[in-house]
Amino acid sequence: MEDQVLVDNLIKIALNEDLGELGDITTQAVVPESKRVKAVILIKSEGIVAGIKVASRVFELVDNSITLKEIVKDGQKVKRNDVILQLEGQARSILIGERTALNFLQHLSGIATFTSLFVEKVKSYPVKILDTRKTTPGLRWLEKYAVRVGGGHNHRFGLYDGILIKDNHLKIVGGVSEAVKKARAKIPKDMKIEVEVETLIELKEALEAGADVVMLDNMSLETIKKAVEMAKGSVILEASGGVTISNIEEIAQTGINWISIGALTRAAPPLDISLEILAGD
């Protein structure tokens, strides 16, 4: 992982949420402190793994004496009954980390798997599949990482790393031309400006104003085709809104450059993964 401090902080928050002030009272009540076990994390449905290092780190932070063996790497395709992580150590420690590790692993693997389905659908077209800022609060960095594992690309990470003039900006400022002009005057020369438009009239304004990227918001297939014809390759065109696995190929066929999909991080079903105790000493 690229930012271990961030990951560690997220894991500690998740563990504290689970343990509270009293800890795992069930395990403390029924499992002897000295009991050691072997365990595996097992795939229950096929997909693409993301978050192996995060899951391993959960157990390391709970008890650094746990022995871990990662069987697969992020981005690897897996099928039912594949073992992806082996563990050995104090039974109490493994049980304490179980749910937190699985929550991260299931969620991130779900995003990677879901993203890969969209990417696979349009692999024959010169189009990029992008995520959005529609992420779980606090988990954006990890969720966007999972999108990349699944073959997708990241849009801007936040409000701080890219200009994207949206409909509410336009309502306040008074139009595309004025908004682009104001943005251009305030940003570094090499920073690109993206504008969200809802009509071909607004697209024309964005092209004339010198936007670098234009997001076509919830446009029909026919309108997207007309937009591609209008732009003639002068800007990057991004289709957004209403994208599903059933219509993404049709959208890609229009000649669009980017397709952004909020559902990649907002609606990806978790991958079915479990932890199973194998044996005790």
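Select Q106 to begin. Q106 is buried, with a relative accessible area of 15%, which is below the 20% limit used for that word. This is a predicted model, and the values in this tour are computed from it. Q106 is found in helix α4, which spans residues 91-121.

Now show the side chain of Q106 together with I273. A polar atom of that side chain lies 2.9 Å from the backbone oxygen of I273. Leaving aside neighbours within four places in sequence, the residues in contact with Q106 are R99, P270, L271, D272 and I273.

Zoom out to the whole protein. There are 11 helices and 12 strands. The C-alpha atoms fill a box of roughly 75 × 40 × 25 Å along the principal axes. Of the 281 residues, 46% count as buried. Take the contacts between residues at least 6 apart in sequence: 69% of them join residues at least 24 apart.

Next, select I41, I84, L216, L237 and I259. In the largest nonpolar core, which has 80 residues, these five touch the most other members. Helix α4 gives the most to this core, with 11 residues.

Keep I41 and hide the other four. Beyond its neighbours within four places in sequence, I41 is in contact with a list of residues that includes F59, I84, L102, L105 and I273. I273 was met earlier, in contact with Q106.

Move to S56, in helix α3. Is S56 buried or exposed? S56 is buried, as its relative accessible area is 3%. Its contacts, apart from neighbours within four places in sequence, are L68, E70 and L85. L85 is also among the contacts of I41.

Select helix α5, residues 140-149. Of its 10 residues, 8 are buried, so the helix is largely enclosed by the rest of the structure. The buried ones are W141, L142, E143, K144, Y145, A146, V147 and V149. To see what covers them, add α1 (4-19), β2 (47-48), α3 (52-62), α4 (91-121) and α11 (263-266), which are included in the cover. After α5 comes G151, whose phi is positive, near 100°.

Turn to the largest pocket. Rolling a probe the size of a water molecule over the atoms shows where empty space is left. About 380 Å³ of space lies in the largest pocket. Which of its lining residues lie nearest its centre? They are T132, K134, S240, S260 and G262, out of 22 lining residues. Colour β9 (213-217), β10 (236-240) and α11 as well, since these are the elements that give two or more residues to the lining. By class, the lining has 5 nonpolar, 8 polar and 9 charged residues.

Finish with two loop residues. N81 lies in the loop between β4 (77-78) and β5 (83-90). N81 is not a glycine, yet its phi is positive, about 75°. With a relative accessible area of 48%, N81 is partly exposed.

Then select K232, in the loop between α9 (221-231) and β10. K232 is not a glycine either, and its phi is positive at about 50°. How does K232 count, buried or exposed? K232 counts as exposed, because its relative accessibility is 73% and the word applies over 50%.

Conventions. Residues are numbered from 1 along each chain as its sequence is written. This is a predicted model: local features need pLDDT of at least 70, side-chain atom pairs count only at pLDDT 80 or more; totals for chains, interfaces and linings use all residues. Side-chain values use heavy atoms; hydrogens and water are left out. Buried means under 20% relative accessible area, exposed over 50%, partly exposed in between (1.4 Å probe, protein chains only). Helices (H or I, at least four residues) and strands (E, at least two) are DSSP runs, numbered from the N terminus. Contact means heavy atoms within 4.5 Å. On a 1 Å grid over the protein atoms alone, a cavity is a set of points where a 1.4 Å probe fits but cannot get out, and a pocket is an open set with protein on both sides within 12 Å along at least five of seven lines; lining residues have an atom within 4 Å of a point. Grid points are joined across faces, edges and corners, and a volume is the space filled by probe spheres set on the points. Ala, Val, Leu, Ile, Met, Phe, Trp, Tyr, Cys and Pro count as nonpolar, Asp, Glu, Lys and Arg as charged, and the others, Gly among them, as polar. A polar contact is a pair of N or O atoms within 3.5 Å; within protein, one must be able to donate a hydrogen and the other to accept it, and residues adjacent in sequence count only if both atoms are side-chain atoms. A nonpolar core is a set of buried Ala, Val, Leu, Ile, Met, Phe, Trp, Tyr and Cys residues joined through side-chain atoms within 4.5 Å.
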